[in-house]
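Me: Got a minute to go through this one with me? I'd like to start with helix packing and then jump around a bit.

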Amino acid sequence: MRFGFHTGYWSAGPPAGAAEAVRAADELGLDSVWTAESYGSDAFTPLAWWGSQTNRVRLGTGIAQLAARTPTATAMAALTLDHLSGGRFILGLGASGPQVVEGWYGQPYPRPLERTREYVGIVRQVLAREAPVTFSGRHFTLPHDGGAHLGKALRSTVHPLRANLPIHLAAQGPKNTALAAEIADGWLPAFVSPALDAEYRENLETGFARRDGTRSPREEFEVSAAVPAVIGKDLESAADQVRPHLALYIGGMGSESTNFHREAIARAGYRDVCDEVTAKYLAGDKTGATAAIPTDLVTDVALVGTPSDITAQLTRWEASCVTTLILQTDPRMLAPLVQALG
């Protein structure tokens with residue numbers, strides 16, 4: 001089992017202690033550091049800024065949103081950061097949700113799996129640098145086939161450091177998970193429960209059965225799960241620190257009808273809890289929504305409690321398909337967590 005550190009989302013500004021924690025992740029021997037974006041800070045800039053102070057740890061976007069950039073712009077950022085980091089970059093991509101895609105980026109959301117497939121195909125063309133980039137799909141066409149018809153197929157001026165730079169896909173639903181196994185080098189799930197490991201493996205197998213032989217070997221496929229982690233004086237006090245996070249993602253992310261985070265948690269056996277939390281959250285009762293999160297749910301998708309509690313909880317994850325636990329934690333808690341996880 002490998003471990004990573006997630007710097008999390010920015011709120012009003014850079015998260016306190018994040019830069020120091022990234023350096024600590026490098027010194028503690030963690031596998032990777034990840035950044036996020038939604039509709040505020042971007043994922044690439046903090047990764048480059050903080051990552052410039054590291055020497056060994058891998059640097060991943062967890063995630064860069066498809067709608068935020070054209071496929072070629074994303075490929076440019078990826079190959080640039082891979083060069084600057086000496087080949088340590090992981091391109092984590094995700095479709096995000098309709099509220100952000102349509103509300104913030106002003107782009108259509110329907111057919112996200114198809115859009116993802118086309119997007120990744122173009123990024124891989126740029127990284128391969130075997131020929132000028134051309135593509136004709138439902139969502140992307142290169143060169144542009146309208147306007148003055150002056151577009152020209154182009155090849156990147158920069159030779160990528162790694163033509164096989166790893167691409168990981170964020171996914172929560174069964175079809176999206178299968179797509180990651182089919183076309184990507186890794187899967188970035190959120191709100192994973194080891195209790196559903198058989199289902200996850202089945203979804204991955206569906207994708208592996210369609211995997212092109214030119215892709216990286218399936219034995220090297222990575223599953224890097226973002227997991228809230230809190231050390232406390234006891235299990236309940238630590239769980240209390242995770243409940244607001246879960247209540248937000250269940251009740252406050254997406255809409256009442258479309259929330260992929262809520263669906264992932266509901267599939268783990270908590271549909272009634274999700275309905276109650278959503279109803280209270282939408283009614284403005286955030287305190288009640290938080291209180292409605294049972295401890296069993298917290299321990300299903302998070303690492304919480306005393307160091308010995310966390311050591312015991314790790315056993316379930318080690319037996320699962322997860323290859324890397326990306327710790328979502330207070331930066332000041334990173335070193336004690338790493339020590340507890342051994």
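Me: Which hand does the crossing have where H3 passes H5?
Reply: Right-handed. Keep in mind that this is a predicted model.

Me: OK, and at what angle do the axes of H3 and H5 cross?
Reply: Roughly 45 degrees, and the axes come within 9 Å. H3 here is residues 71-84 and H5 is residues 112-128.

Me: So what do we call that, oblique or roughly parallel?
Reply: Oblique, because the angle isn't under 35 degrees, where roughly parallel would apply.

Me: Which residues of H3 and H5 meet there?
Reply: On the H3 side you've got Pro 71, Thr 72, Thr 74, Ala 75 and Leu 79. They meet Tyr 119, Ile 122, Val 123, Val 126 and Leu 127 of H5. By class, that contact has 8 nonpolar and 2 polar residues, with no charged ones.

Me: What about H5 and H6, at what angle do they pack?
Reply: About 20 degrees, with the axes 11 Å apart. H6 covers residues 174-183. The angle is under 35 degrees, so H5 and H6 count as roughly parallel to each other.

Me: And which hand is the crossing of H5 and H6?
Reply: Right-handed: that's how H5 passes H6. H5 brings Leu 113, Thr 116, Arg 117, Val 120 and Arg 124 to the contact, while H6 brings Lys 175, Asn 176, Leu 179, Glu 182 and Ile 183.

Me: How do the residues of that H5 and H6 contact divide by class?
Reply: Into 4 nonpolar, 2 polar and 4 charged.

Me: Back to H3 for a sec. Asp 82 is in there, so is it buried or exposed?
Reply: Asp 82 counts as buried, because its relative accessibility is 0%.

Me: What does Asp 82 touch, then?
Reply: Leaving out residues up to four places away in sequence, Asp 82 touches Gly 87, Arg 88, Phe 89, Leu 161, Arg 162 and Leu 165.

Me: Phe 89 is in E5, right where I wanted to go next. How many of the residues of E5 are buried?
Reply: 6 of the 6, so E5 (residues 89-94) is largely enclosed by the rest of the structure. Phe 89, Leu 91 and Leu 93 point one way from the strand, and Ile 90, Gly 92 and Gly 94 point the other way.

Me: How does strand E3 run relative to E5, parallel or antiparallel?
Reply: Parallel, with 2 bridges joining E3 (residues 58-61) to E5. Gly 60 stands opposite Ile 90 there. Strand E4 (residues 64-65) is also joined to E5 by 2 bridges, and those two run parallel as well. Gln 65 has Gly 94 as its bridge partner in E5.

Me: New topic: where does Ser 320 lie?
Reply: In the loop between helix H12 (307-318) and strand E12 (324-328). Ser 320 is buried, because its relative accessible area of 10% falls under the 20% cut-off.

Me: And what is Ser 320 in contact with, beyond its neighbours within four places in sequence?
Reply: Asp 197 and Arg 201.

Me: Last one. How does Asp 275 count for exposure?
Reply: Partly exposed, because its relative accessibility is 49%. Asp 275 lies in helix H9, residues 260-282. From C-alpha to C-alpha, Asp 275 and Gly 251 are 8.5 Å apart in space, and 24 residues separate them in sequence.

Note on methods: Residues numbered from 1 in each chain as written. Predicted model: local features only at pLDDT ≥ 70, side-chain atom pairs only at ≥ 80, totals over all residues. Heavy atoms only, no water. Axes fitted to C-alpha atoms, helices over the stretch in contact; angles between N-to-C directions. Helix = DSSP H or I, 4+ residues; strand = E, 2+ residues; numbered from the N terminus. Parallel < 35°, antiparallel > 145°, perpendicular 65-115°, else oblique. Left-handed = near helix turned anticlockwise from the far one by under 90°. Contact = heavy atoms within 4.5 Å. Nonpolar A, V, L, I, M, F, W, Y, C, P; charged D, E, K, R; others polar. Buried < 20%, exposed > 50% of the residue type's maximum accessible area, 1.4 Å probe, protein only. Pairing = 2+ DSSP bridges.
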